[in-house]
Amino acid sequence: MQSTLMLTVMRYRPEQEAEPTFQTFEVPYRKDWVVLDALNHIKDNLDGSLSYRWSCRMGVCGSCGMMVNGEPKLTCAAFLSENLPGPIRVEPLRYFPIVRDLVVELSDFLRKLKKVKPWIIREEEKPLSEGEYSQTPEQMELYKQFSMCINCMLCYAACPVYGLEPSFIGPAAIALAQRYNKDNRDQGAEERLEICSEHDGIWQCTFVGECTKACPKGVDPAGAIQQYKLVGAMAWFKSWLLPWGER
Amino acid sequence: MNASAQYTLYHPKWYRRHVSVWWWLKTWSYTKFVLRELTSVSVAYFAVVALWQVRSLACCAEAYTRFLRLMESPFFLAINLIALIFVLFHALTWFHLAPRAMVFRLGSRRLPDKLVVGMNYIAWIVLSALIAWIMLRG
């Protein structure tokens with residue numbers, strides 16, 4: 001069994017260089033190590049200036065997404081043993097501007113996420129005295145899958161449409177819009193459809209399907225978008241067929 | 001310090017990567033996607049051929065014979081065979097994507113993906129058999 005492994009890491013230090021470069025580090029190989037462990041080893045022992053985001057180490061926080069050998073991965077779930085004999089190439093998430101080393105700029109995604117109103121919208125809140133909004137397990141099942149999104153943005157790094165058209169709202173934000181549309185306690189589907197069927201919304205998607213493959217939580221953003229297109233087309237057809245009626 | 005860096009303290013200078021025109025050749029899944037999209041040209045080609053056939057049929061017997069002769073030529077046989085392979089690739093990839101775009105529920109249960117794909121295949125076989133029966137019965 002090999003005792004070390006080479007890790008080729010993209011570096012971008014804006015105070016030193018105009019363009020990113022690659023730096024190779026030799027790290028110990030352990031069977032139970034993930035790429036994030038190797039990065040932490042570099043940070044602690046080899047080069048303290050290496051910058052990257054991480055937090056929970058268990059696929060919940062969605063902070064440590066990076067490109068591992070060209071594929072968007074959570075580095076806390078990408079085992080070194082899956083990439084033997086190396087070297088392993090680690091780059092910041094594709095299609096996002098790089099702030100420093102492996103850290104990317106997130107505000108574009110956060111703005112889009114807010115735009116689709118991912119929260120429960122009520123036309124009228126019922127008084128507290130009437131109790132909680134109830135939901136059956138079957139009703140929860142309709143949206144549960146989409147609620148697993150951890151905003152890690154691997155789906156954006158997998159989506160060539162987002163790379164080519166950065167204004168595209170993108171897979172995670174649309175999947176999260178669907179999460180609330182399909183919630184029986186929500187009444188904001190019409191509002192969200194208007195936002196999501198704008199030029200930068202669902203119709204930009206060409207169904208490459210890579211977002212679903214990249215998702216570490218089993219959400220199916222590609223499916224969510226195609227199903228949303230069907231809803232959008234039906235709503236348009238209804239409004240065209242019954243222009244006097246309500247949608 | 002590199003002179004072109006133009007970095008000022010506390011002012012981030014993002015690096016934006018350029019997406020190459022050849023992005024779709026970088027991974028096989030991207031290439032497969034572009035192939036699926038490009039094969040739609042073959043679908044359009046067959047639609048044009050069908051319109052051409054109807055036009056020659058509507059014109060006169062000579063025109064229709066001319067059309068048939070042309071379609072029997074090695075050039076059109078080769079083109080049609082290639083277009084048929086592309087159309088099959090196009091149709092089959094869409095069959096397999098159908099369950100993602102359309103969710104069918106039976107009560108509270110979602111129909112399994114294989115069943116939705118299977119329904120597409122069955123519809124295809126039934127329609128093909130129907131057309132073959134109409135064409136070949138007399």
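**View 1. One salt bridge crosses the interface of chain B and chain A.** A salt bridge is a side-chain nitrogen of Lys or Arg within 4 Å of a carboxyl oxygen of Asp or Glu. Asp220(A) pairs with Arg100(B), with the closest N and O atoms 3.2 Å apart. The rule for polar contacts finds 13 residue pairs across this interface, both residues at pLDDT 80 or more. Such a contact is a pair of N or O atoms within 3.5 Å; within protein, one must be able to donate a hydrogen and the other to accept it, and residues adjacent in sequence count only if both atoms are side-chain atoms. This is a predicted model: local features need pLDDT of at least 70, side-chain atom pairs count only at pLDDT 80 or more, and totals for chains, interfaces and linings use all residues. Residues are numbered from 1 along each chain as its sequence is written, chains are lettered from A in the order in which they are written, and side-chain values use heavy atoms, with hydrogens and water left out.

**View 2. Chain B meets chain A through 25 residues of its own and 39 of chain A.** Contact here means heavy atoms within 4.5 Å. The two chains bury about 2,700 Å² between them, 59% of it on carbon and sulfur atoms. Buried area is the accessible area (1.4 Å probe) that two parts lose on being put together, summed over both. In chain B, Tyr15(B), Arg17(B) and Arg100(B) lose the most area to chain A, together 28% of what that side buries.

**View 3. Helix 1 of chain B packs against both chains.** Helices (H or I, at least four residues) and strands (E, at least two) are DSSP runs, numbered from the N terminus. Six residues to find in this helix are Ser29(B), Tyr30(B), Thr31(B), Phe33(B), Val34(B) and Arg36(B), which are buried. Buried means under 20% relative accessible area, exposed over 50%, and partly exposed in between (1.4 Å probe, protein chains only). On chain A, the buried residues of the helix pack against helix 4 (154–158), helix 5 (160–164) and helix 8 (210–214). On chain B, their partners are helix 2 (40–59) and helix 4.

**View 4. Two domains of chain A touch: domain 1 (4–104) and domain 2 (107–241).** The bounds come from an automatic or database domain assignment. The C-alpha centres of the domains lie 30 Å apart. Domain 1 gives 14 residues to the contact and domain 2 gives 15. Together they bury about 1,100 Å², of which carbon and sulfur atoms give 71%. Pro72(A), Tyr95(A) and Phe96(A) lose the most area on the domain 1 side, together 51% of what that side buries. The count of salt bridges between these domains is 0.

**View 5. Arg100(A) and Glu15(A) meet in a salt bridge, 2.9 Å from N to O.** Arg100(A) lies in strand 6 (residues 98–100) and Glu15(A) in the loop between strand 1 (4–11) and strand 2 (21–28), so the pair ties together parts that are 85 residues apart in sequence. Arg100(A) is partly exposed at 23% relative accessibility. Glu15(A) is also partly exposed, at 22%.

**View 6. Glu91(A) and Arg89(A) form a salt bridge, 2.5 Å from N to O.** Glu91(A) is buried, with a relative accessible area of 13%. Arg89(A) is partly exposed at 35%.
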